[in-house]
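Please look over the model below before reading on. The paragraphs after it go through confidence, a helix, the nonpolar core and a loop residue.

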Amino acid sequence: RNRISVLPSTVYKDLTGLTTLSLRENPLLLVPTAVANLPRLATLLMSPSFELQIPPSGVVAQGQQLRYLAGLLAAERTGRLTLPGFGLGTVPRELGHGWDEHPE
């Protein structure tokens with residue numbers, strides 16, 4: 001178990017060859033949407049048991065975290081958000097806030 005609470009920007013800026021990123025067992029609150037920009041990333045492993053806010057733990061439990069982050073990233077670019085098929089019961093709290101702010 002690691003104790004990574006903030007994902008360093010070097011992960012998504014410098015490690016562009018990653019195909020799998022495991023963030024399991026880390027007390028992360030958010031994963032920056034820039035992770036969805038990693039060109040080869042096919043698998044993003046996360047634990048829904050922590051106080052994760054972005055992506056929501058329900059999305060992580062479905063294994064759809066990478067698709068969710070890609071949807072937020074697309075919204076940043078286009079100004080249009082579509083998050084179909086996630087079974088969200090509420091509007092994601094990150095809307096209207098700087099959800100990709102990185103506290104480094």
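Mean pLDDT, the predictor's confidence in each residue from 0 to 100, is lowest among the elements for α2, at 86, and highest for β1, at 93. For the whole protein the mean is 82, and 86% of the residues reach 70 or more. This is a predicted model, in which local features need pLDDT of at least 70 and side-chain atom pairs count only at 80 or more, while totals for chains, interfaces and linings use all residues. Residues are numbered from 1 along each chain as its sequence is written, and side-chain values use heavy atoms, without hydrogens and water.

Helices (H or I, at least four residues) and strands (E, at least two) are DSSP runs numbered from the N terminus. The end C-alpha atoms of α3 are 20 Å apart, in agreement with the 20 Å expected of its 14 residues at 1.5 Å a residue (1.5 Å times one less than the number of residues). Buried residues (under 20% relative accessible area, with exposed over 50% and partly exposed in between; 1.4 Å probe, protein chains only) of α3 include Leu66, Leu69 and Leu73. The buried residues of this helix pack against β2 and α2, contact meaning heavy atoms within 4.5 Å. Just after α3, Gly79 has a positive phi of about 80°.

The largest nonpolar core (buried Ala, Val, Leu, Ile, Met, Phe, Trp, Tyr and Cys joined through side-chain atoms within 4.5 Å) has 23 residues, and Val35 is among those touching the most other members. Two or more residues each come from α1, α2 and α3, with α3 giving the most, four. Leaving out residues up to four places away in sequence, Val35 touches Leu7, Tyr12, Leu21, Leu41, Leu44 and Leu69.

Glu25 lies in the loop between β1 and β2. Its phi is near 60°, positive although the residue is not glycine. Glu25 counts as partly exposed because its relative accessibility is 42%.
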